[in-house]
Structure formats: structure tokens, C-alpha cells
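Please open the model in a viewer and keep the sequence panel beside it. The tour below proceeds by selection, from the whole chain to individual side chains.

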Amino acid sequence: MTDPLSATDLAVSGMKAQAVRLRHISENIANADTPGYRRKLVAFQQQVDMGRPTGAVAAGPTRLDRGELPRIHDPAHPMAGDDGYYAGSNVDLIIEIADAKEAGRSYEANLRIFEQSRQMGSSLLDLIRR
């Protein structure tokens, strides 16, 4: 990890992965009241080069939360069955907000690493040019 370029590559991979996570979180929040909507989840995967871990991460495939959908009683709802119930969404806004804060902080930490690595590289180039 002494190479500033590899530090920037690692930071960029983390920012890209967290950006995907934030996009899914925002979609979940936007669809919290959509009947039958299942929460989207994303897990990170470690990147491998020639069989060796690189330290970089990437967002894995999107999965749907298979948790039970709540049954909501509203006989007037157009999607309600004969019993007056319809399937709601399994999005919990508290969890989504907490996940968004965590992803945002991780993105910011990776951004700081990226900026510091870039500054270090710029300083080294300035020393070489002198």
C-alpha cells in the first residue's frame, strides 16, 4: 500500500461500490409505500487479480430481500383481495436511513484517502521537477 496510485485505485473502488449501495438505498426509500415492493440489497465482493486479492471491492449482484411482505388491511385499496388485505413493502425507513448514513460516511472516508493520495503524488512530482 505504499504506492499512491494503488491507494487511489482502492479508494475509487470503495467510492464506486458505495455509490451503487446509495442508489439502491434511495430506490428503496422511494418505493417504501409501493405495494409488493421488495427491498434491494447489495453485497460487496473482493476483487481478485490472477487468483490474488487486490484489496479493491466492487458491488456484487443486486438481491431482493426475501423477508415476508406485511399484509395491510385496506378494503378500499385497488390491490386488496376479497379479504381486504394487500401485500405492502418490506422497506423499513429507519434501516434505510441508517444504511444511507453508513454508506455516505464510507464514501467520504474513501474520498479523503483519494484526495490525500493525489496530493502526495502531486508533491512527489513537484520534488522530482526541482
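The stops that follow begin with the overall fold and then turn to the annotated spans, the hairpin and the salt bridges.

**Stop 1: the whole chain**

Display the entire protein as a cartoon, bearing in mind that this is a predicted model. Two helices and four strands are present, and from the N terminus on their order is α-β-β-β-β-α. The radius of gyration is 21 Å, well over the 14 Å that the globule rule gives for 130 residues, so the protein is more spread out than a compact globule. Along the principal axes, the C-alpha atoms fill a box of roughly 80 × 30 × 15 Å.

Switch to a surface representation next. The accessible surface comes to about 8900 Å², and carbon and sulfur atoms account for 55% of it. Of the 130 residues, 27% are buried. Among contacts between residues at least 6 apart in sequence, 54% join residues at least 24 apart.

**Stop 2: the two annotated spans**

Select residues 11–38, which an unreviewed UniProt entry lists as "domain: Flagellar basal body rod protein N-terminal". This span is 71% helix and 0% strand, and its end C-alpha atoms lie 31 Å apart.

Now select residues 84–127, listed by UniProt (unreviewed entry) as "domain: Flagellar basal-body/hook protein C-terminal". Here the chain is 80% helix and 7% strand, with 74 Å between the end C-alpha atoms.

**Stop 3: the hairpin of S1 and S2**

Select S1 and S2 together. The two strands run antiparallel and are joined by eight bridges. To see one facing pair, pick Gln-45 and Ala-58; Gln-45 stands opposite Ala-58, which belongs to S2. Then move to the turn, where two residues lie between the strands and Met-50 takes a positive phi near 55°. While the strands are on display, recall a general rule: side chains in a regular strand alternate between the two faces of the sheet.

**Stop 4: a bridge between the helices**

Show the charged side chains. The whole structure contains nine salt bridges. Start with Glu-102 and Arg-21, whose closest N and O atoms are 3.1 Å apart in a salt bridge. Glu-102 lies in helix H2 (residues 93–129) and Arg-21 in helix H1 (residues 4–30), so the pair ties together parts that are 81 residues apart in sequence.

Is each partner buried or exposed? Arg-21 is buried, at a relative accessible area of 15%, whereas Glu-102 counts as partly exposed at 47% relative accessibility.

**Stop 5: Arg-39 and its surroundings**

Centre the view on Arg-39, in the loop between H1 and S1. Arg-39 forms a salt bridge with Asp-65, the closest N and O atoms being 4.0 Å apart. Asp-65 sits in the loop between strand S2 (52–64) and strand S3 (71–73), so this salt bridge ties together parts that are 26 residues apart in sequence.

Why does Arg-39 count as buried? Its relative accessibility is 13%, and buried means under 20%. Select its neighbours as well: leaving aside residues up to four places away in sequence, Arg-39 touches Asn-28, Arg-63, Leu-64, Asp-65, Asn-90, Val-91, Ile-95, Glu-96 and Asp-99.

**Stop 6: the bridge at S3**

Select Asp-83 and Arg-71, a salt bridge in which the closest N and O atoms are 2.9 Å apart. The pair links distant parts of the chain, with Arg-71 in strand S3 and Asp-83 twelve residues away, in the loop between S3 and strand S4 (85–87). Asp-83 is partly exposed, with a relative accessible area of 42%, while Arg-71 counts as exposed at 54%.

**Stop 7: the network**

Which residues are joined into one network by salt bridges that share partners? Select Arg-21, Arg-39, Asp-65, Glu-96, Asp-99 and Glu-102 together to display that network. Two pairs from the earlier stops appear in this selection: Glu-102 with Arg-21, and Arg-39 with Asp-65. Glu-96 and Asp-99 also belong to the residues that Arg-39 touches.

Methods:
Residues are numbered from 1 along each chain as its sequence is written. This is a predicted model: local features need pLDDT of at least 70, side-chain atom pairs count only at pLDDT 80 or more; totals for chains, interfaces and linings use all residues. Side-chain values use heavy atoms; hydrogens and water are left out. UniProt positions are given in the numbering used here, feature names are shortened, and annotations may be inferred rather than shown by experiment. Buried means under 20% relative accessible area, exposed over 50%, partly exposed in between (1.4 Å probe, protein chains only). Two strands pair if DSSP finds at least two bridges between them. The radius of gyration is taken over C-alpha atoms; the globule rule is 2.2 Å times the number of residues to the power 0.38. Contact means heavy atoms within 4.5 Å. Accessible areas come from the Shrake-Rupley method with a 1.4 Å probe; for residues, only the protein chains shown count as cover.
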